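Please take a moment with the sequence and the model before reading on, and keep both in view as the paragraphs lead you through them.

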Amino acid sequence: MYLILLGPPGTGKGTQAKIVAERLGLAHVSSGDMFREAAEQGTELGLRAKAYMDRGELVPDELTIGMLEERIQQPDAQQGAVFDGYPRTLQQAQALDAALARRGRAADLALHVTAEDEEIVRRLAGRWLCTNCGEIYQEQNRPPKQPGICDACGATLRQRDDDKPQVVRERLQRQRPPAELLAHYRAQGKLRDIDGGQEMAAVTRDLLAAIEHKTSASGHS
Ligand code: AMP
């Protein structure tokens, strides 16, 4: 099963994608995580991507599409994946459709997680990531037991450079899923809206219910 999580940054999409992937035994494919890893490793791709990320802009399609096409050829993505933060443009969606079609597969659902702008700015300003294991915390909704320290592995937490309020506003303006991307999946009958303004467990419940509904309707096991 191939699932796509769409939505503006700060809707808890990344956390939800991890939970859903784990529950369903699918690979979690996050283009943002891949760019951040590449930037930390100092690869050419990473350094080029970082310049855009730091400004809250999208990384150009020619860098993004190739990276994702390589990723979905990895063994762990053969049985399915949850795409988190990808696709973000119509061109990326078309490239993903083509890449899956080459293996006789197709995206099953595009889950569009929505939330109000003010709620998003508040959430992102309180978001902390583990520098070691990537666990995500949120000051108001999911604080670590000890401020600044990861519950899971004890490493130091940090805030993302692009979670600064000014950059968040930029990202919100530029990174709402474009209408043509939503229309692409709507036309395929695959788009489902999920209310990301609810508490985390309710969002997970709604996502899993939409997936369950789809699998029972299409006879997936
Ligand atoms: P995210 O972790 O999904 O919020 O992504 C962080 C940053 O990585 C974004 O602000 C973009 O600069 C870049 N990025 C991630 N995924 C994509 C994508 N599919 N297309 C273009 N840029 C992306």
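The paragraphs below turn to the ligand, then to one helix, and then to the cysteines.

This is a predicted model, in which local features need pLDDT of at least 70 and side-chain atom pairs count only at pLDDT 80 or more, while totals for chains, interfaces and linings use all residues. Residues are numbered from 1 along each chain as its sequence is written, and side-chain values use heavy atoms, with hydrogens and water left out.

Around the ligand there are 17 residues, the closest being S31, E57, G85, Q92 and Q175, where a residue counts as near if one of its heavy atoms lies within 4 Å. An oxygen atom of the ligand is 2.6 Å from a polar backbone atom of E57, and a nitrogen atom of the ligand is 2.9 Å from an N or O atom in the side chain of Q92. The protein covers 96% of the 480 Å² of accessible area that the ligand has on its own (Shrake-Rupley method, 1.4 Å probe).

In helix α4, which spans residues 61-71, the residues D61, L63, T64, I65, M67, L68 and R71 are buried, meaning that each has under 20% relative accessible area (exposed is over 50%, partly exposed in between; 1.4 Å probe, protein chains only). Helices here are DSSP runs of H or I with at least four residues, and strands are runs of E with at least two, numbered from the N terminus.

How many disulfides does a search of the whole structure find? It finds 0, a disulfide being a pair of cysteine sulfur atoms within 2.5 Å. For C130, the nearest cysteine sulfur, that of C153, is 3.6 Å away, and C130 is buried, with a relative accessible area of 6%.

Note on methods. A polar contact is a pair of N or O atoms within 3.5 Å; within protein, one must be able to donate a hydrogen and the other to accept it, and residues adjacent in sequence count only if both atoms are side-chain atoms.
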